[in-house]
Amino acid sequence: MADYLQLRNEVELQLEQQQQQQQDESKKKKMKRGNTRLASLDVFRGLSVFLMIFVDYAGAILPSISHSPWNGVHLADFVMPFFLFIVGVSLALVYKNVQNKVKATYKAVIRATQLFLLGIFLQGGYFHGITSLTFGVDMESIRWLGILQRIALGYVIAALCEIWLPCRTRLEITTSEKYYMNWCVILALCIIHSGLLYGLYVSDWEFRLPYSAYSMLSPHDSHIVYMVKCAVRGDLGPACNAAGMIDRYILGVDHLYKKPVYRNLKECSSSGYSHVSGSQPPWCFAPFDPEGILSSLTAAVTCIIGLHYGHVLVQIEDHKSRLYHWLLCSFSLFGLGLLLTYAGIPLNKSLYSISYMLLTSASAGITFCSIYVLVDIYGYKHLTFVLEWMGIHSLGIFVLVSSNLAVLAIHGFYWKSPDSNIVSLFI
């Protein structure tokens, strides 16, 4: 009897050791998976970088792919939402196991600040374009907001949501319940955006045409004050919208983007950059920032939506279940965006309208699903290795190519005259 009990104890001990060993191996596999980059996300980021470069350089030849002058969407209008969506997915992977919230918050704020300052350096007016060898910016006219600045704002808002808002008080809890506060933040940001966009009264305002040594304006034009008549509430046109008014009051009209895309509208199509004639409204020449303060609220919503896709990626391991959740969310957002568009909320990238935010976020989700199936499920990485490499080095490519630093560096080598350089042969 004693031998039987001893044998049974040894067998039970061996079983416990085997179970413990299996659990340890499972933990190691999960840790290994957690440290491995998601190939489809890198490919998606690389695709966004490629689209950005493509629409920047080919947009002048093919206006149909360049940014829409105001309402409507073209291919170029999907690039920014794609980047913001990717930021959200990445944050869900980075902050899936937060041990110290204060330290994580500090790192997120530092990272966002670095990105914001880099954006000011690249797009604040310090560089004068690919046809000029001069550089430097007047601090009275520096542009404070831009592409990287918008990504930085969306990054820090989504990061704070991911660090502080998830409910971790219960062990068994669904994804929607755990992150319900994120959806509350989405709703709050949309309400604030719509309330200010439709509720603020926009009075008449005035501006001067910016003049600098490298502009086409004459000093005489820069002293003329132009008046834009508004006195309306809830207007969504280029001249009298609340988003532009907020930027003019907070940032100052001289610190906004000097060449807004609405200059390609029919009302402004025959206007030059030298002076305002009587045939065009004055606002055609007024500065306006498409990455302004108010539109950054709904841009941050795109990042938070990306968080949801990242949560599904972290908490669900089955490919089929992941795709089910992603596609359900994508088509729901797409349908809601179309419904709001038909209800009268225009698709507008410059205002980052709610319908535009929903439609482009859904498009980002569907594109991500397609790449995930191609790369991570079927393993066709050899077809996308170039895009994956571009995604891994996306910030460097943006700095060198999209911000024209590489072109400016090549432009600096000329023969006898600055006009005799390689760049001048193509531009």
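Helices, of at least four residues, and strands, of at least two, are DSSP runs that are numbered from the N terminus.

**Figure 1. The whole chain at a glance.** Welcome to this predicted model. Its chain has 16 helices and six strands. Of the 427 residues, 45% are buried. Among contacts with a separation of 6 or more, 73% are between residues 24 or more positions apart. The accessible surface of the chain is about 22,800 Å², and carbon and sulfur atoms account for 63% of that surface.

**Figure 2. A close-up of helix α11.** Helix α11 covers residues 319-342. How far apart are its end C-alpha atoms? They are 34 Å apart, which agrees with the 34 Å that 24 residues should span at 1.5 Å a residue. An α-helix has 3.6 residues a turn, so residues three or four places apart point the same way. In α11, the buried residues are R322, L323, W326, C329, S330, L333 and G337. These buried residues pack against two other helices, α10 (293-315) and α12 (354-377).

**Figure 3. The two ends of helix α11.** Look at the start of α11 to find D318, which has a side-chain oxygen within 3.4 Å of the backbone nitrogen of K320. At the other end, G344 comes just after α11 and has a positive phi of about 115 degrees.

**Figure 4. The ring pair of F44 and F368.** The structure contains 19 aromatic pairs, and this view shows one made by F44 and F368. Their ring centres are 6.3 Å apart and their planes meet at 20 degrees; planes under 30 degrees apart count as stacked, so this pair is stacked. F44 belongs to helix α2 (residues 39-58) and F368 to helix α12, so the pair ties together parts that are 324 residues apart in sequence. Are these two residues buried or exposed? Both F44 and F368 are buried.

**Figure 5. A second ring pair, Y262 and F288.** Here the aromatic pair is tilted, with 5.9 Å from centre to centre and 55 degrees between the planes. Y262 and F288 each sit in the loop between α9 (242-250) and α10, 26 residues apart, and their pair links distant parts of the chain. Residues under 20% relative accessible area count as buried. Y262 therefore counts as buried, at 2% relative accessibility, and F288 is buried too, with a relative accessible area of 4%.

**Figure 6. An aromatic cluster and a charge over a ring.** Which residues form the aromatic cluster? F44, F78, F82, F85, Y309, W326, F368 and Y372 form one cluster. You may recognise W326 from the buried residues of α11, and F44 and F368 from the stacked pair. Elsewhere, R248 lies over the face of W205, 3.6 Å from the ring centre.

**Figure 7. Two residues with positive phi that are not glycines.** A231 has a positive phi of about 55 degrees although it is not a glycine. To find A231, go to the loop between β3 (225-228) and β4 (232-233). With a relative accessible area of 42%, A231 is partly exposed. Y352 is not a glycine either, and its phi is positive at about 50 degrees. Where is Y352? Y352 lies in the loop between α11 and α12. Its relative accessible area is 0%, so Y352 is buried.

Terms used:
Residues numbered from 1 in each chain as written. Predicted model: local features only at pLDDT ≥ 70, side-chain atom pairs only at ≥ 80, totals over all residues. Heavy atoms only, no water. Expected span 1.5 Å × (residues − 1). Buried < 20%, exposed > 50% of the residue type's maximum accessible area, 1.4 Å probe, protein only. Contact = heavy atoms within 4.5 Å. Polar contact = N/O pair within 3.5 Å; in protein donor to acceptor, adjacent residues only side chain to side chain. Phe/Tyr/Trp six-rings, centres within 6.5 Å; stacked < 30°, edge-to-face > 60°. Lys NZ or Arg CZ within 6 Å of the ring centre and 35° of its normal. Areas by Shrake-Rupley, 256 points an atom, 1.4 Å probe, with all protein chains shown as cover.
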